[in-house]
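Student: I have a structure to look at and many terms to sort out. Could you help me see what stands behind each word?

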Amino acid sequence: MAAGAGGAVRDAVRGAEPPAAPSAPAGLTALPSAPGLSPAPELPPLPRRAVRYPATTAVGPVEAQAARTPDAPALVLAGGETVGYRELNASANRLARALAARGARPGAVVGLAGLRDPAELLTALLAVAKSGAAYLPLDPADAPGRRERLLAENTPVCVLGEGVPGALAGLETDGELPTDPPRALTPHHLLCVGYGPGGRPTAVRLTHGEADRRVRELQAEHPLGPGDRVLHLGLPLWEYLWPLRTGAAVVLADPRLEGELGALVRELGVTAVRMAPGALLGG
């Protein structure tokens with residue numbers, strides 16, 4: 001049976017939708033996000049800290065965390081169901097190996113387009129990073145000329161998702177090993193390539209080392225750990241790696257469907273909300 005980008009988590013996560021940004025309940029503090037590569041409002045860069053962190057990749061610590069706490073929840077779905085670190089990591093590993101067979105490797109690019117299920121999108125993000133390739137976000141609503149230029153500039157080995165000509169809605173992952181794939185990945189390799197709005201935007205390229213530094217600075221300012229449940233609202237994809245390398249769980253639920261954010265926080269045990277501070281004020 002062919003498996004989609006979410007691999008083994010697909011059946012468990014049907015019905016989940018991308019999170020939105022409503023008003024937060026009183027007393028709940030939003031954690032600031034680092035500047036990234038998404039349509040979300042840009043935030044000022046975090047101040048440079050005097051601490052120098054040893055360089056590593058952005059995905060290695062996620063794999064290490066999955067090995068330490070395989071049975072801990074990594075994802076919390078809208079109905080309260082959870083996906084453990086072992087299951088998420090294995091699904092991403094199988095997809096990463098299928099991507100590698102199509103040429104995904106350090107120095108290559110894989111497009112991500114129109115993956116509406118947040119768990120499948122997160123699995124695909126992990127899989128691309130595990131393969132060593134950089135991900136390229138693609139918006140199916142873009143004008144064809146802009147989309148074709150982005151594809152021509154980056155020549156992705158494949159595009160996962162839908163809404164873009166040639167995109168693959170799913171890859172066959174049956175028979176792929178669930179173990180972490182080998183890769184010649186360094187902190188200097190690209191994690192993602194992003195573009196801002198406009199007719200001829202300039203590419204913004206983020207390396208694994210830079211993403212790792214930003215996540216460590218966020219963790220130093222606002223520590224997360226096992227037992228935390230973090231609700232993400234409109235953030236750059238790579239920032240999802242922060243809670244997953246600390247043993248926390250990412251809450252994938254849409255407050256627009258579940259009612260008031262306060263009720264969602266109580267029902268799913270959310271301990272932190274990740275969104276731009278302006279969203280708390282309705283901006």
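Tutor: Gladly! Helices (H or I, at least four residues) and strands (E, at least two) are DSSP runs, numbered from the N terminus. The protein chain here has 10 helices and 13 strands. This is a predicted model, where local features need pLDDT of at least 70, side-chain atom pairs count only at pLDDT 80 or more, and totals for chains, interfaces and linings use all residues. Residues are numbered from 1 along each chain as its sequence is written, and side-chain values use heavy atoms, with hydrogens and water left out.

Student: What makes a space in this structure count as one of the cavities of 30 Å³ or more?

Tutor: On a 1 Å grid over the protein atoms alone, a cavity is a set of points where a 1.4 Å probe fits but cannot get out, and lining residues have an atom within 4 Å of a point. The volume is the space filled by probe spheres set on the points, with grid points joined across faces, edges and corners. Two cavities of 30 Å³ or more are found, and the second largest holds about 30 Å³.

Student: Which residues line the second largest cavity, and which helix gives the most to that lining?

Tutor: The lining is made of Val62, Ala66, Tyr85, Leu88, Asn89, Leu126 and Leu244. Two elements give two or more residues each: helix 2 (60-68) and helix 3 (85-101). Helix 3 gives the most, with three residues.

Student: How are the residues of that lining divided into nonpolar, polar and charged?

Tutor: Ala, Val, Leu, Ile, Met, Phe, Trp, Tyr, Cys and Pro count as nonpolar, Asp, Glu, Lys and Arg as charged, and the others, Gly among them, as polar. In the lining of the second largest cavity, that gives six nonpolar, one polar and no charged.

Student: Why is Asn154 called buried?

Tutor: Buried means under 20% relative accessible area, exposed over 50%, and partly exposed in between (1.4 Å probe, protein chains only). Asn154 has 7% relative accessibility, so Asn154 counts as buried. Asn154 belongs to helix 5 (residues 144-154), where Arg146, Arg147, Arg149, Leu150 and Leu151 are among the buried residues too.

Student: What does Asn154 touch, leaving out residues up to four places away in sequence?

Tutor: Contact means heavy atoms within 4.5 Å. By that rule, Asn154 touches Val109, Leu136, Val193, Tyr195 and Arg205. The buried residues of helix 5 pack against several strands, including strand 5 (109-113), strand 6 (134-138) and strand 10 (203-207).

Student: Is Thr155 buried or exposed, and why?

Tutor: Thr155 is at 58% relative accessibility, and therefore counts as exposed. Thr155 sits in the loop between helix 5 and strand 7 (158-161). Its phi is near 40°, a positive value in a residue other than glycine. Most residues other than glycine have a negative phi.

Student: What makes a nonpolar core, and how many residues has the largest one?

Tutor: A nonpolar core is a set of buried Ala, Val, Leu, Ile, Met, Phe, Trp, Tyr and Cys residues joined through side-chain atoms within 4.5 Å. The largest has 52 residues, and Leu75, Leu99, Tyr135 and Leu244 have the most contacts inside it. Helix 4 (residues 118-131) supplies the largest share, eight residues. A second, separate core of 13 residues includes Val76, Leu233, Val251 and Val265.

Conventions
1 Å grid on protein atoms, 1.4 Å probe; cavity = no way out; pocket = protein on both sides within 12 Å on 5 of 7 lines; lining within 4 Å.
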